[in-house]
Amino acid sequence: MKKVQLILFGIGNVGSTFINQILEAKEIFKQQNLAVEIPVIVNSTTAFFKDEGVDQSWKANFKDFSLPYRLEDIVQFVQSKKWKNVVVIDATASKQLVANYTFLVENGFHIIAANKVANTLAYEEYAYFKEVLKENNTHFLYETNVGAGLPVIETLKSLYNSAEKITKIRGVFSGSLSYIFNTFSEEDKSFSKVLTLAKEKGFTEPDPRTDLSGTDVARKLLILARELQFSYNLEDVKVKSLVPFHLTATTSVTTFQEKITDLDEEFESLKAKLNENEVLRYIGEFDVEQEVLEVKLVSEQKQNPLGALQGADALFEIYTESYGNQPLVIQGAGAGAKVTARGLVSDVVKLAERI
Ligand SMILES: NC(=O)C1=CN([C@@H]2O[C@H](COP(=O)(O)OP(=O)(O)OC[C@H]3O[C@@H](n4cnc5c(N)ncnc54)[C@H](OP(=O)(O)O)[C@@H]3O)[C@@H](O)[C@H]2O)C=CC1
Ligand SMILES: N[C@@H](CC=O)C(=O)O
C-alpha cells in the first residue's frame, strides 16, 4: 500500500471541503492501493497535528487543540516522522506561503496548489521555482488554478505536447463573474447584492476585488500562456477592471465590503444599455498568433455559447489548427468549494501515481 501524507494549508471554503472529501474517499483509495492521511492542518495563525491523520472530528479538534506555529516547526515535525511521500496542499490565497515554496521543496515536499500566486510570479521567479522543482525531483500540480475542477490545464498541455498548433484561447474564465453576470442580467437584484451572494456561495476569491479587478482572469490567462511556453508577465495582459478607483487596493477588504453599493449605479447603467436579447459577459482571450492577452467586459447574444451560460459555469474555447473554426470546448462549474476540492483530490491521486 502506497502511503501519502498531506499537510493542508487553508481550511476555508476549499480546504475544509477537501478534508471531508479525502476522508470519504478512503475506500476508493484502498482499491487503488493508496492510503492518504492529513496529519497537519493549518490556517493563517494556528496548526493542528495528529500523527495518524485527522478524522471526522477535525473541526472541533482544530478549535480546541490547534497552536500557533512557524513553518520550520511543521518541517521539523514531518522530518521527525520519516514519512516518504509528503505533499503540501495550498488551499490559501497567500503570497507569504508561496514565498516559502522553495524552502518546502528543498525539504522534500511535493506541492499541490489551488492558489494561483506561484504560477503568476514575475517570470524570473517562476522560472527559478520550476528549476528548484527539477533539481529536487519534486512535483508541483495545479489543475485547479484554471477552471476549478475542469480539466483545462491537462487538456491544453496534452495538445501542446502532441505538437498541436494552438491559435486562440477564449472564454468566460471566472466562475464567480459568470454567476454574478448571469444573476444580475436575469434578476431584479442590485449588483452589490449579487456580489454578496457570490461571496456567500464561496465562488469569489477571499478578497472579491481579485475577481472584479480582472486579476483572477488575467492570472488564468497568464497560467495558460505559460503552459504554452510563453514567458509573459501579468503586466502583459490588457485588463478592464470593474473596481472603481476609490475602492482599489489602497482600501481594506472591510472598507470595500462597507462601500460595495458604490458599484450599483455604474452596473445599472450598463444593464440599461443592453438589448432584450443580450447579457453581460466578462471574458478572457489569448490570441496566440497575434500575441495579445486581454480581459474585457462584453455584451453577448443570449443564444450564443458564451451568452447561454448558466449558474457559475465557466467556458473555455481552445482553437487549434486541427479543430479549425469549431473550437474544443470545456464547460462546467468554474468555481465552488466542491468542484475545486475534487480537483485537488484528483491532483493527489495523479501525484501518487508519479511517486
Ligand atoms: N473558491 C473557489 O471556487 C476556488 C478557489 N480557488 C483558490 O483556492 C484558494 C482558497 O480559496 P477559498 O477556500 O475560497 O478561500 P477562503 O478565504 O475560504 O480560505 C482561505 C484559507 O486560507 C487560510 N490562510 C490564509 N493565509 C494563510 C497562510 N499564510 N498560511 C496558512 N493558511 C492561510 C485562511 O486562514 P484564516 O481563516 O486564518 O485567514 C483560510 O483558512 C484561493 O487561492 C482561490 O483562488 C481556486 C479555484 C476555485
Ligand atoms: N474566484 C475564482 C475561483 C476559481 O478560480 C472564479 O471566480 O473563477
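In which helix does D347 lie? D347 is part of helix α15, and V349 belongs to that helix too, which spans residues 337–354. The model discussed here is predicted, and this briefing treats its two ligands, then the two residues of helix α15, and finally two residues found in loops.

**Ligand 1**

- Ligand 1 is surrounded by 25 residues, of which V14, S44, T92, E205 and G336 are the closest.
- Ligand 1 sits in the largest pocket.
- The side chain of E205 has an N or O atom 2.5 Å from an oxygen atom of ligand 1, while a polar backbone atom of T92 is 2.7 Å from an oxygen atom of this ligand.
- A further polar contact involves the backbone of G12, where an N or O atom lies 3.2 Å from an oxygen atom of ligand 1.
- On its own, ligand 1 has 920 Å² of accessible area, and the protein covers 81% of this area.

**Ligand 2**

- Ligand 2 has 13 residues around it, and those that come nearest are G175, S176, E205, D211 and K220; E205 is also listed among the closest residues to ligand 1.
- The largest pocket is where ligand 2 sits, and it is likewise the pocket in which ligand 1 sits.
- Two elements, α9 (175–186) and α12 (215–227), give two or more residues to the shell around ligand 2.
- A nitrogen atom of ligand 2 lies 2.7 Å from a polar side-chain atom of D211, whereas the side chain of K220 places an N or O atom 2.7 Å from an oxygen atom of the ligand.
- The side chain of K116 also takes part, with an N or O atom 2.9 Å from an oxygen atom of ligand 2.
- Taken alone, ligand 2 exposes 250 Å², and 93% of that is buried by the protein.

**Two residues of helix α15**

- D347 has a relative accessible area of 1%, and because buried means under 20%, this residue counts as buried.
- Apart from its neighbours within four places in sequence, D347 is in contact with I112, L141, Y142, E143 and T144.
- V349 is buried as well, its relative accessible area being 15%.
- When neighbours within four places in sequence are left aside, the residues in contact with V349 are F29 and Q32.
- For the pair V349 and Q32, the separation is 317 residues in sequence, while the C-alpha to C-alpha distance in space is 9.1 Å.

**Residues in loops**

- T120 is found in the loop that runs between β6 (110–113) and α7 (123–135).
- Is T120 buried or exposed? With a relative accessible area of 9%, T120 is buried.
- Beyond its neighbours within four places in sequence, T120 is in contact with R219, L222, I223, R226 and L234.
- P327 is found in the loop between β12 (313–320) and β13 (328–333).
- Which residues does P327 touch, not counting residues up to four places away in sequence? P327 touches E317, I318 and Y319.
- P327 and S176 are 151 residues apart in sequence, and their C-alpha atoms are 24 Å apart in space; S176 is one of the residues that come nearest to ligand 2.

Terms used
Residues numbered from 1 in each chain as written. Chains lettered and ligands numbered in written order. Predicted model: local features only at pLDDT ≥ 70, side-chain atom pairs only at ≥ 80, totals over all residues. Heavy atoms only, no water. Helix = DSSP H or I, 4+ residues; strand = E, 2+ residues; numbered from the N terminus. Buried < 20%, exposed > 50% of the residue type's maximum accessible area, 1.4 Å probe, protein only. Contact = heavy atoms within 4.5 Å. Near = heavy atom within 4 Å. Polar contact = N/O pair within 3.5 Å; in protein donor to acceptor, adjacent residues only side chain to side chain. Areas by Shrake-Rupley, 256 points an atom, 1.4 Å probe, with all protein chains shown as cover. 1 Å grid on protein atoms, 1.4 Å probe; cavity = no way out; pocket = protein on both sides within 12 Å on 5 of 7 lines; lining within 4 Å. Sits in = over half its atoms within 2 Å of the grid points.
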